[in-house]
Amino acid sequence: MDFSLIDRAVELLLKANHAMVLTGSGISTESGVPDFRSPGGIWERYDPSLFFYARFLKEPDTVWRTIIEMNSSGEFSLWDAKPNHGHIALAVLEELGLIKIIITQNVDNLHQKAGSRNVIEFHGNMLFFKCLNCSRKYGYEQLIEIIAGSQCLPPLCECGGVLKPDAVFFGEAIPQHALRESFRHAQDCDLMLVIGTSAQVEPAASLPLIAKGMYSLFRGMGNFSLPKLNCHVIEINREPTPLTGEVSDFLIQGGAGEILSSIIHKVKEKKGIA
Ligand code: APR
């Protein structure tokens, strides 16, 4: 871990007027939840084509069987996972007023479990379930009761409609409010921490470009944004990503938990907080 980059990140955090965070599944691997594309990741173990919206509509029972298998494999459970030092550090940064918002691609509810209040769930949340017929929402405990009661899949709403996890499947639109708010924060921010994402899935992968005012340049869409010279993008990741050296100012390479804990430690030192 490069401590000079930690110092630089702390300096920028303390100076920022509108700092935001974009997280991916890499921040949750230290909670025992694998990410998607690293060796041994979820898409190596389970067929991603099962998580297309059209597939769910056609074969909800098959997809549900996989979701339950995933969460009862004994290896990890999205539903029982606990926040780690990385999630907790971000909640502290929010409490100190140093970050305004977390935009997460994760559906694991771990930022909220760690105490973060300003969280945009860009890809929804796997701990809630929605009826495809009447849009009624159910929580995790209610779902377990329904499945235990009916002993069959897919779980059904009282109206008879099929329940679907309230997460964004491939081919499904990003919730409008989440999209609009995320783009607005990216346009307004002067610092973006990009943590534990391979930055390969759109439109989330464009948020760092918007932060740097490079969106139109890279996406060749009518020149509605100018490079934002006052905005810094810092990556925290075990590996370089397509953003590294192209969009981000620097990469702090290593585990998110350890790096964010060091940042908190330095911030508290600078602010004279015990
Ligand atoms: N600390 C820091 N970085 C980590 C750690 C860790 N402990 N563990 C993994 N990483 C990094 C990996 O190096 C990788 O760059 O996190 C990234 C995870 O990338 P992906 O597996 O591609 O996950 P993500 O970017 O969140 O995927 C985006 O794709 O499959 C869809 O909807 C799903 O939200 C998801 C989206």
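**Exercise 1. Find which oxygen and nitrogen partners the ligand has, starting with Ser198.**

Step 1. Begin at Ser198: an N or O atom of its side chain is 2.5 Å from an oxygen atom of the ligand. This is a polar contact, meaning a pair of N or O atoms within 3.5 Å (within protein, one must be able to donate a hydrogen and the other to accept it, and residues adjacent in sequence count only if both atoms are side-chain atoms).

Step 2. Add Ser25, whose side chain has an N or O atom 2.8 Å from a ligand oxygen. For His123, the corresponding distance is 2.9 Å.

Step 3. Now look at cover: the ligand taken alone exposes 740 Å², and the protein buries 95% of that. Such areas come from the Shrake-Rupley method with a 1.4 Å probe, and for residues, only the protein chains shown count as cover.

A word on the model: it is predicted, so local features need pLDDT of at least 70 and side-chain atom pairs pLDDT 80 or more, while totals for chains, interfaces and linings use all residues. Residues are numbered from 1 along each chain as its sequence is written, and side-chain values use heavy atoms, with hydrogens and water left out.

**Exercise 2. Describe the shell around the ligand.**

Step 1. Count the neighbours: 23 residues surround the ligand (a heavy atom within 4 Å). Glu30, Arg37, Thr197, Ser198 and Asn237 are the closest.

Step 2. Sort the shell: 5 residues are nonpolar, 13 polar and 5 charged. Here Ala, Val, Leu, Ile, Met, Phe, Trp, Tyr, Cys and Pro count as nonpolar, Asp, Glu, Lys and Arg as charged, and the others, Gly among them, as polar.

**Exercise 3. Work out how helix H5 packs on helix H11.**

Step 1. Locate H5 at residues 85-95 and H11 at residues 256-271. Helices are DSSP runs (H or I) of at least four residues and strands (E) of at least two, numbered from the N terminus.

Step 2. Read the geometry: the axes are 7 Å apart, at an angle of about 30 degrees. Axes are lines fitted to C-alpha atoms, for helices over the stretch in contact, with angles from 0 to 180 degrees between N-to-C directions.

Step 3. H5 is therefore roughly parallel to H11 (under 35 degrees; over 145 is roughly antiparallel, 65 to 115 roughly perpendicular, the rest oblique).

**Exercise 4. Locate the cis peptide bond that leads to Pro154.**

Step 1. The bond runs from Leu153 to Pro154, with omega near -5 degrees.

Step 2. Pro154 sits in the loop between helix H7 (140-150) and strand S6 (163-167).
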